[in-house]
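Thanks for coming. I will keep this short and go through one chain, a few residues at a time. Please have the picture open.

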Amino acid sequence: MTISLPGGSRKGLTGLFKRKAVEKTSRPAAKKQLAGSDLAKLFDKQARTAKAVKPAKLSESEINASEQLSSMRGALYSKK
């Protein structure tokens with residue numbers, strides 16, 4: 001007669017008697033967290049803030065090249 005013990009078979013008896021790690025979810029101490037630019041200003045008063053970058057538009061040749069690549073990928077992965 002065998003007795004089935006809880007826990008994985010790889011752990012064996014150590015899985016039964018081992019202390020379980022307590023996982024704590026910690027919240028930040030400050031209510032308002034500083035952004036990177038605000039943090040930089042604490043150390044350097046002349047620190048500049050980064051400006052938002054607008055993405056450039058593709059030219060006609062780049063659009064055509066992208067379409068050709070996508071059609072080649074489609075042909076490569078299509079089922080015959």
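Let me start with one residue, Ser70. Ser70 has a relative accessible area of 42%, so it counts as partly exposed. As for its place, Ser70 sits in helix α3. What does the side chain of Ser70 reach? It reaches the backbone oxygen of Glu67, at 2.8 Å.

I should say now that this is a predicted model. The mean pLDDT of the chain is 77, and 70% of the residues reach 70 or more. Which element has the highest mean pLDDT, and which the lowest? Helix α3, residues 60-77, has the highest, at 90. Helix α1, residues 14-17, has the lowest, at 66. So Ser70, where I began, belongs to helix α3, the element with the highest mean value.

Now the overall layout. The chain has three helices and zero strands. Read from the N terminus, the order of the elements is α-α-α.

How much of the chain counts as buried? Of its 80 residues, 0% do. The accessible surface of the chain is about 9,100 Å². Carbon and sulfur atoms account for 57% of that surface.

On to helix α2, which covers residues 36-43 and holds Leu39. Is Leu39 buried or exposed? Neither: its relative accessibility is 42%, and because buried means under 20% and exposed over 50%, Leu39 counts as partly exposed. Leu39 also takes part in a nonpolar surface patch. The other members of that patch are Leu34, Leu42 and Phe43, and the patch has an area of about 470 Å².

The last residue is Ala47. You will find Ala47 in the loop between α2 and α3. Its relative accessible area is 23%, so Ala47 is partly exposed as well. What does Ala47 touch, once neighbours within four places in sequence are left aside? Ala47 is in contact with Ala40 and Lys41. There is also a distance to look at, between Ala47 and Ser37. These two are 10 residues apart along the chain, and their C-alpha atoms are separated by 7.6 Å.

To go over it once more: the chain has three helices and zero strands, and 0% of its residues count as buried. Ser70, Leu39 and Ala47 are each partly exposed. When you look at helix α1, keep its mean pLDDT of 66 in view. That is the end of my part.

Technical notes:
Residues numbered from 1 in each chain as written. Heavy atoms only, no water. pLDDT = per-residue confidence, 0-100. Helix = DSSP H or I, 4+ residues; strand = E, 2+ residues; numbered from the N terminus. Buried < 20%, exposed > 50% of the residue type's maximum accessible area, 1.4 Å probe, protein only. Areas by Shrake-Rupley, 256 points an atom, 1.4 Å probe, with all protein chains shown as cover. Patch = residues over 30% accessible without salt bridge, like charges linked within 9 Å, V, L, I, M, F, W, Y side chains within 5 Å. Salt bridge = Lys/Arg side-chain N within 4 Å of Asp/Glu carboxyl O. Polar contact = N/O pair within 3.5 Å; in protein donor to acceptor, adjacent residues only side chain to side chain. Contact = heavy atoms within 4.5 Å.
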